[in-house]
Amino acid sequence: MLPYDDSNPRDIERYAKGLIGKTFQDVLYDSRFLDEAVIDSKIDYSNPNQKGKLGNLLEEKYFCYKANSDQEPDFPKCGVELKATCFDVLKNGNLSAGERLVLTMISYDEPVELDFFKSHAWEKCRLILLIYYERNKALKYNTLYRIGFVSLVSPLKRDMPIILEDYDKIITKIRRGYAHELSESDTMYLGACTKGSTSAKSLRPQYYNPNILANKRAFCFKRQYMDYILHTYIIPSHTGERPYQLETIIDNPMQLQNRSFEDIVLDKLDYFRNWSDLDLCNYFDREYNNNKAQWTDLTYRMLGIRGNCAEEFVKANIVVKVVRIEQDFSMNESISLPPFNFMEFANEKWEESQVYNYFSETKFFFVVFARDSNVYRLYKYFFWNMPFDHLNRIVYDGWRNIHYLVKNRMVEFELKETRRGYIVKNNLPKKSDNPIIHIRPHAQKSAYAIHMNDGRIYESGNINRDANMLPQGDWMTTQSFWINNNYFLEYILEFRG
């Protein structure tokens, strides 16, 4: 007899809350569950490369049913799906959802279901028993991870119009035979994530386009959406902490019944099309100080928010990028990604790299001001995400060339003496070597500790603050990837907005 009523969602949740505070190892070796549990000694639950095994452990050892890959919910009598997912503790002590929540595989063997509410994706997400555990990468075994939160969750009613829109975008691409071009950044809350590696062994023929192979993918709730759920509903329900308080761009979800979120956002800026920055400052009663933050602040005000913390942008990982182009249609600004650590970068694989994840998950909202004599006018604005082919061909090529030199300890330095001291040059690829990305310093000032051929060490700058160590032992100014300004300039000039 099961220790819970598998036809009652609340009783399943009650029983599941007994996991809070336990490690997976506690569950694995708790003798109380051995009589009922399904024993399968062939499963190595601690294998870090088999991420789903922790969920399997809970299914078999705690909830006492055989793990499976059926399309129906894990508790079919009441429609509850069990999902184990992780959160990370950041350096500042805050919690962050560690990964997307995979719902169900996207089949390439049959026609897609047009009605979301008849789809397997809905079956898997309409009522989820969400078990959050702390991922501590310092621990040797996954089974030592500790469970922190347990809650029944359903998609929020106000989020459903956007989730439906996301589902339609995904299946429309599949039905047109473009499953090979799917990207998480195509959508807002519901994504189509890759499953397994992106290597040739994971490719499958498409039902709608058999001649072109596509990567295996699954419907998922995107990581940023899960982070919002964690902070708004999961943590407050367990600790009593105040949930996220964010502004919204869409005040009434009914606005989304007949129009897309993107159309509504674009309409807000349409009202101000061709206005100068001076006109906008006067309209919003803002000082015209001409500093770099001015145009970003004006963008937020046009959207009716105070900063880049709109609920929809946070949940969908939409990054607002405000750029200016000059009267001759040149653009001086390149756009940076967060700085990276050389040692971590050297150990990355492409499909798990910072660069790949950033572009595959991020949607950008570009707002462009163009110089007109002494002012900048609102010129164009559009949503954009990195095309799949550009990411996996051109960006990958640039990343791979840099990664090869760093990982194999082949970064070389040359010191050139000038009147003001030494200039340090290196053999890493330059901006001109790739049409889309390059790396360059992302620190307050340059800093180096370089082992010279004669045994001396050349040092300069604040190494602890502005540099980090290469695998070869030298210290180099902290770098980040930058998106070439000319790459975006082509999009801006060609975009008919």
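## An aromatic cluster

Phe340, Phe342, Phe345, Trp350, Tyr356, Tyr396, Trp399 and Phe481 are joined into a cluster by ring pairs. Here, rings of Phe, Tyr and Trp (its six-membered ring) pair if their centres lie within 6.5 Å, and planes under 30 degrees apart count as stacked, over 60 as edge-to-face and the rest as tilted. Before going further: this is a predicted model, where local features need pLDDT of at least 70 and side-chain atom pairs count only at pLDDT 80 or more, while totals for chains, interfaces and linings use all residues. Residues are numbered from 1 along each chain as its sequence is written, and side-chain values use heavy atoms, with hydrogens and water left out.

One cluster member, Tyr356, has its place in helix 12 (residues 354-361); helices (H or I, at least four residues) and strands (E, at least two) are DSSP runs, numbered from the N terminus. Tyr356 counts as buried at 5% relative accessibility, where buried means under 20% relative accessible area, exposed over 50%, and partly exposed in between (1.4 Å probe, protein chains only). Helix 12 itself is mostly covered, with 6 of its 8 residues buried: Val355, Tyr356, Tyr358, Phe359, Ser360 and Glu361. From Tyr356 to Gln472 you go 116 residues along the sequence and 25 Å through space, C-alpha to C-alpha.

## Other ring contacts

The structure holds 55 aromatic pairs. Take Tyr133 and Tyr145: their ring centres are 5.8 Å apart and their planes sit at 15°, so this pair is stacked. Tyr133 belongs to strand 4 (residues 128-134) and Tyr145 to the loop between strand 4 and strand 5 (146-153), so the pair ties together parts that are 12 residues apart in sequence. Both rings belong to buried residues, with Tyr133 at 6% relative accessibility and Tyr145 at 8%.

Now for Phe272 and Phe284, whose ring centres are 5.7 Å apart with planes at 45°, so the pair is tilted. Phe272 is in the loop between helix 7 (261-270) and helix 8 (277-283), and Phe284 in the loop between helix 8 and helix 9 (293-303), so parts that are 12 residues apart in sequence are tied together by the pair. Phe272 is buried, at a relative accessible area of 6%, and Phe284 is buried too, at 18%.

## An arginine over two rings

Arg324 lies over the face of Trp295, 4.1 Å from the ring centre. The charged end of Arg324 also sits over the ring of Tyr376, at 5.5 Å from its centre. The test used is that NZ of Lys or CZ of Arg is within 6 Å of the ring centre and within 35 degrees of the ring normal.

## Cavities

How many cavities of 30 Å³ or more does the structure hold? There are 2. On a 1 Å grid over the protein atoms alone, a cavity is a set of points where a 1.4 Å probe fits but cannot get out, and lining residues have an atom within 4 Å of a point. Grid points are joined across faces, edges and corners, and a volume is the space filled by probe spheres set on the points.

The largest cavity has a volume of about 70 Å³. Its lining is made up of Asp397, Gly398, Asn401, Ile402, Pro429, Lys430, Asp433, Asn434, Ile437 and His438. Helix 13 (388-407) gives the most, with 4 residues, while helix 13 and strand 16 (437-441) each supply at least two. By class, that lining has 3 nonpolar, 4 polar and 3 charged residues; Ala, Val, Leu, Ile, Met, Phe, Trp, Tyr, Cys and Pro count as nonpolar, Asp, Glu, Lys and Arg as charged, and the others, Gly among them, as polar. The second largest cavity has about 30 Å³ of space. Among the residues lining the second largest cavity are Tyr108, Tyr207 and Tyr208, and the lining divides into 6 nonpolar, 2 polar and 1 charged.

## A hairpin and some positive phi values

Strand 17 (residues 448-451) and strand 18 (residues 457-460) pair in the antiparallel sense over 4 bridges; two strands pair if DSSP finds at least two bridges between them. Ile450 has Tyr458 in strand 18 as its bridge partner. This hairpin has 5 residues between the strands, and Gly455 takes a positive phi near 95° there.

Two residues other than glycine also have positive phi: Cys64 at about 65° and Arg409 near 55°. Cys64 is in the loop between helix 3 (53-62) and strand 1 (81-89) and counts as buried at 10% relative accessibility. Arg409 lies in the loop between helix 13 and strand 14 (413-418) and is exposed, with a relative accessible area of 58%.

Note on methods
1 Å grid on protein atoms, 1.4 Å probe; cavity = no way out; pocket = protein on both sides within 12 Å on 5 of 7 lines; lining within 4 Å.
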